[in-house]
Structures are given as structure tokens and as C-alpha cells.
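Dear colleague,

I am handing over to you the structure that we talked about, together with its sequence. Please open it below and keep it beside you while you read, since the notes that follow go through it part by part.

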Amino acid sequence: MSSVSKTASKTPIVTRPNEIVTIERHILDQQAAHPEARGDLSKLLYDIALTGKLIAREVNKAGLVDILGETGVTNVQGETVQKLDDFANECFVKTFDHGGQLCVMGSEEVDDPIQIPSKFECGDYVLLFDPLDGSSNIDVNVSVGSIWSIYRRKTESGPGTLEDLLRCGAEQVAAGYVVYGSSTMLVYTTGEGVSGFTLDPSIGEFLLSHPDMQMPKAGTVYSLNEGYRNLFFDSTVRYLEHLQTNDPDSGRPHSARYIGSMVADVHRTLLYGGIFMYPATKKAPGGKLRLMYEANPMGMIMEQAGGMASTGKERILDIQATELHQRIPLYMGSEENVKLAVEFETGVR
Ligand code: P6P
């Protein structure tokens, strides 16, 4: 008999599952529901899991080995010890550049499109990723994460181009993240709901721990960096003052939680509800977070879990990208919380 504990969210956390489901089994079962599938997307998802394990191993060692920042340290082989985010970026590139499923990649760490080496086949998919978001937090043992997004290519064949990378988030075929925290979790969607897998490092397997993740329709936690309060536009200040008003009948004031690591803040929002935001400021009117490999993949996860993802003015997944590394203001989380934020940001309230 499985023991299922209910958290504040609607997602039951399966602690002793009736059946043990590995991520590979889950991917195969999802593919089986699509007889027309050739298995290329499944192979990409297998490799996402592999990349997550490779990076988790190094992130979990980071506290032991000074592998952060410009260490200038050389290891026993006399090699320069890599910065952890360079290592994570290489994990993605070296895992995905030869499988034959991709025609081009885009990385937060690399200015230009990453081409598939000419000796390898080009495939029908495109991968965008932030290999290690929030890496500056590792020194203080705060959770960090990898965020990724998969599209079908737009161009016909051969090496992919910027046209294949500059997309509208609604075209994503899969998206997700790996959060490297007290445990390592892989959370993803292929457009048929959101599933969460927890890594059992003793067997090196991601096991299904959060089936069909659904976000509460409303929450009482808001998350943003209030240090920028004096830089926020008036609409944002009024919204915050609304959340902070002492009105117990309406469940206010809400609680503030901010980790400063997007994957950790979004993961908490997915599980407990509420809202995570990185608004525009007078200093950064376009916001800070990136559209293609942060806002879009997390936006797909939010929507698939019954939530919303907005720029404050429009649905994030409706935006047509014009630059690979373009930034965007973002409000994402429970439907009622995001709708309220949009009412303030659009002047309705
Ligand atoms: P700030 C981490 O540096 C990051 O890219 C995201 O993970 C996080 O949400 C945001 O920046 C934090 O930015 O300006 O609050 O330090």
C-alpha cells in the first residue's frame, strides 16, 4: 500500500509507490501513446536525464572542491579546473551534439548558436538551455538548476540556424528543469501534464515521485527581489502594497519567500502555489530573466500544471523571440495570483 502524504499543493508526494517507475519507463510509456513517434524526442529526454545526473554529481561535490569561479587551480592531470557553469554547459553540448536528434542548440553560456559538428547527422529538433542557473548561489549551498526547452526545427534540413532558435514559446514540444537541492529532481512536460522525478543516487535512477503535478489555483506566497522596490514602476509597488495589506478576511498579508535562484523559486511555486516574479524596473525595463531558456520553459511547466505565465501585460508563450538572449519581465504561478498581478500591471486595478 503506497503511503501518500498531502502537501499544501494538490500534488501527492508518493513516498512508497505501488510501482517503481523510472524516468526511462515513463518516457517509453508516453511514447507508446503516440504510435507515429519515431523515438527521437524520447532519446532527447533520456539524454536530459543523463545530463542531469552528470551535473548533479559535480554540483554535489562543489562544497568539497573549489570548482567555482576563476579558480586558476590545476587538477592532478594539470588541467585547469573548470568553472562549474562551464562544466554544466559542456555536459549539455557533449551529450547532445552527436545523437542525431538536433540541428542546432542555444545556451545561456554561449553568445551564438551552437552548431552540430559536421561529422554528425543533423536532426529535426532544437534544444535551448540554461545549463546552471543561479550558479553564484552554490558557494552558500543554495539550490541551483538546469532549465531546458525543445522545439521541432523550422528550417527544412541541414545545419540549424538562428531561425530555428528564435521561436514562440507556444511551439515548444517539451520543457523542464533539474533542481539540484537537498535532492535532485527532474520536472518536465511534453504538453500532457507535468511529472516530477527524484534522483536515487544509490542506483543512479530518476524515479517518479510527483505524478501529474497540479498547482493550487491560488496561493499566499509571493516571490521577488524587494531590494529593487525603489526601482519598480508604480503599478508594481501598488500590487505589492495590496499583497502586504493587513486584511485577514482576504488572507492578507501574503508571505514573502525569495531564494534568488529561479529554479528553486519556481519549483516552490509549482508545489505550494503563489507567484514568482521578476518585474521590469526603471533600471532594467526589459527585466532580467531570459525568454528562450528561462521564461518559456518555465512558462510551459506553469501552464501545464494549471497555472499561468505572463510578462505582466501578455502571455509569455505568445511572444515571438527576436534575439537569442532577450530578457523579459515575468510573473508566473497560480492562476488567480498571476491574474491579479496582471490587473495591477495593466492598470485595471
Ligand atoms: P537578483 C540567478 O542569478 C538568476 O539568474 C535567477 O536564477 C534568479 O531568479 C535571479 O537571477 C536573481 O536575480 O537580481 O534578484 O539577484
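Could the sulfur of C122 be bonded to another cysteine, and which cysteine sulfur is closest to the sulfur of C122? The closest one belongs to C103, and in this predicted model the two sulfur atoms are 6.4 Å apart, which is too far for a bond. A disulfide is a covalent bond between the sulfur atoms of two cysteines. Here a pair is counted as a disulfide when the sulfur atoms lie within 2.5 Å, and by this rule the count of disulfides comes to zero. As for its surroundings, C122 has a relative accessible area of 28%, so that C122 is partly exposed, while C91, with a relative accessible area of 8%, is buried.

Turning to the chain as a whole, you will find eight helices and 15 strands in it. Of its 349 residues, 53% count as buried. If you take the contacts in the chain with a separation of 6 or more, 63% of them are made by residues that stand 24 or more positions apart.

One part that is worth following strand by strand is an open sheet, which is formed by five strands in the order β12-β11-β13-β15-β14, with mixed pairing. At its edges stand β12 (255-256) and β14 (308-310), each of which pairs on one side only. Strand β13 (residues 275-278) runs antiparallel to strand β15 (residues 330-333), and four bridges join the two; within this pair, M277 stands opposite Y331 and Y278 stands opposite L330. Strand β14 is also antiparallel to β15, to which three bridges join it, and here A309 has M332 as its bridge partner. Both faces of β15 are covered, since L330 and M332 on one side are buried, and so are Y331 and G333 on the other.

Two helices can be described together with these strands. Helix α5 (residues 234-244) lies across β11 (221-223), β13 and β15, and runs at about 150° to β11. Helix α8 (residues 335-345) packs on the sheet, where it touches β13, β14 and β15, and its direction makes about 155° with that of β15. The buried residues of α8 are N337, V338, L340, A341, V342, F344 and E345, and they pack against α5 as well as against β13, β14 and β15. After α8 comes G347, which has a positive phi, near 80°.

Next, please look at two loops. N137 has its place in the loop between β5 (125-133) and β6 (144-152), and with a relative accessibility of 13% N137 counts as buried. Which residues is N137 in contact with, once its neighbours within four places in sequence are left aside? They are V142, V144, I259, G260 and S261.

The other residue to find is G193, in the loop between β8 (184-189) and β9 (194-200). G193 also counts as buried, at 13% relative accessibility. Leaving aside neighbours within four places in sequence, G193 is in contact with Y188 and Q304. You may also like to locate G306, which is 113 residues from G193 along the chain, although their C-alpha atoms are separated by 8.8 Å.

Finally, there is the ligand, which is surrounded by D133, G134, N225, Y228, Y258, G260, S261, M262, F276, Y278, K288 and L289. G260 and S261 appear in this list and also among the contacts of N137, while Y278 in the list is the residue that stands opposite L330 in β15. Which of the atoms around the ligand lie 2.4 Å, 2.5 Å and 2.7 Å from an oxygen atom of the ligand? At 2.4 Å there is a polar side-chain atom of D133, at 2.5 Å an N or O atom in the side chain of Y258, and at 2.7 Å a polar backbone atom of M262.

With best wishes

Methods:
Residues are numbered from 1 along each chain as its sequence is written. This is a predicted model: local features need pLDDT of at least 70, side-chain atom pairs count only at pLDDT 80 or more; totals for chains, interfaces and linings use all residues. Side-chain values use heavy atoms; hydrogens and water are left out. Buried means under 20% relative accessible area, exposed over 50%, partly exposed in between (1.4 Å probe, protein chains only). Contact means heavy atoms within 4.5 Å. Two strands pair if DSSP finds at least two bridges between them. Axes are lines fitted to C-alpha atoms, for helices over the stretch in contact, and angles run from 0 to 180 degrees between N-to-C directions. A residue is near a molecule or strand if one of its heavy atoms lies within 4 Å of it. A polar contact is a pair of N or O atoms within 3.5 Å; within protein, one must be able to donate a hydrogen and the other to accept it, and residues adjacent in sequence count only if both atoms are side-chain atoms.
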